Amino acid sequence: MAIESVILPEKAKKPKWLRVKLPVGKKYTELRTLVDKYKLNTICTSGSCPNMGECWGEGTATFMILGNTCTRSCGFCGVKTGRPDTVEWDEPEKVARSIKLMSIKHAVITSVDRDDLKDGGSIIWAETVDAIRRANQKTTLETLIPDFQGNTKQLDRVIEVHPEVVSHNMETVRRLTREVRIQAKYDRSLGVLKYLKENGMRTKTGLMLGLGEKEEEVIQTMKDLRAVNCDIITIGQYLQPTKKHLPVKEFITPDQFKKYETLGLEMGFMYVESGALVRSSYKAHKHAV
């Protein structure tokens, strides 16, 4: 089966369904002022998320911990690769303070990969969740974690602090994993989600489309995820961060995204967020319910 998509000619313009409206609204304006005033580090702003206005209006924001330099060099990701800075042990309190200042109802916490650290960064992960809980007792949490190289001791640290949702992104189909996620492994990521679910977590993952995958490969990936009882999936359009990154092979149509949503719900996913502008944290507040 072929994916319903728009094949790209050279110098193709983005289709109309990828046009983003500028964020507006009182809540957005208030939060933007706070972020600028206190120099708060949100992925929403640094990543120029297309859903920033909508998410902030719903009281959701995403924060990245453990620095902004990754030890991995994925072909899709705009985060710089190299030797990361030393760990800031006061970072958990800083993140908790940011969430309190912004009156965030649901926070998504993510991080770069820190394969340079013996604990993979899992200690800071756990301490960040604890700090947020102390300062923001009504805030629900999603932790969008790396694979920790499949180390269950490191995963256990996240499980022990029990965020409402634990997310780990597959990103792409099996065939493209080595090209798209160079240091990651398809089955290892499935294993991480399986282990989290077996230990009582509500699990979530995300896929990007438009990298050259076929419809049957996307469906098989969704089946693989349901085989490990993954609860929630987000499916969105890949967009090339810079010319150095993997090119967009095609723009997936809204009808095709809707088809995946329907199939995912039929497979038994609790929530399926499927659309061109969907990102990992889109509608994340409802996934905690």
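Ala, Val, Leu, Ile, Met, Phe, Trp, Tyr, Cys and Pro count here as nonpolar, Asp, Glu, Lys and Arg as charged, and the others, Gly among them, as polar. This is a predicted model: local features need pLDDT of at least 70, side-chain atom pairs count only at pLDDT 80 or more, and totals for chains, interfaces and linings use all residues. Residues are numbered from 1 along each chain as its sequence is written, and side-chain values use heavy atoms, without hydrogens and water.

Start with the sheet. It is open, has seven strands in the order 2-5-6-7-8-9-11, and pairs them in parallel. Strands (E, at least two residues) and helices (H or I, at least four) are DSSP runs numbered from the N terminus; two strands pair if DSSP finds at least two bridges between them. Strand 2 (60-65) and strand 11 (271-274) are at the edges with a single partner strand each, so one side of each lacks a neighbour in the sheet. The twist averages 20° from one strand to the next. Axes are lines fitted to C-alpha atoms, for helices over the stretch in contact; angles run from 0 to 180 degrees between N-to-C directions.

Six bridges join strand 2 to the parallel strand 5 (residues 106-111). Threonine 62 has valine 108 of strand 5 as its bridge partner.

Helices pack on this sheet by contact (heavy atoms within 4.5 Å). Helix 8 (residues 186-198) touches strand 7 (165-167) and strand 8 (203-209), and its direction makes about 155° with that of strand 8. Helix 10 (residues 254-267) touches strand 8, strand 9 (232-237) and strand 11, at about 170° to the direction of strand 11.
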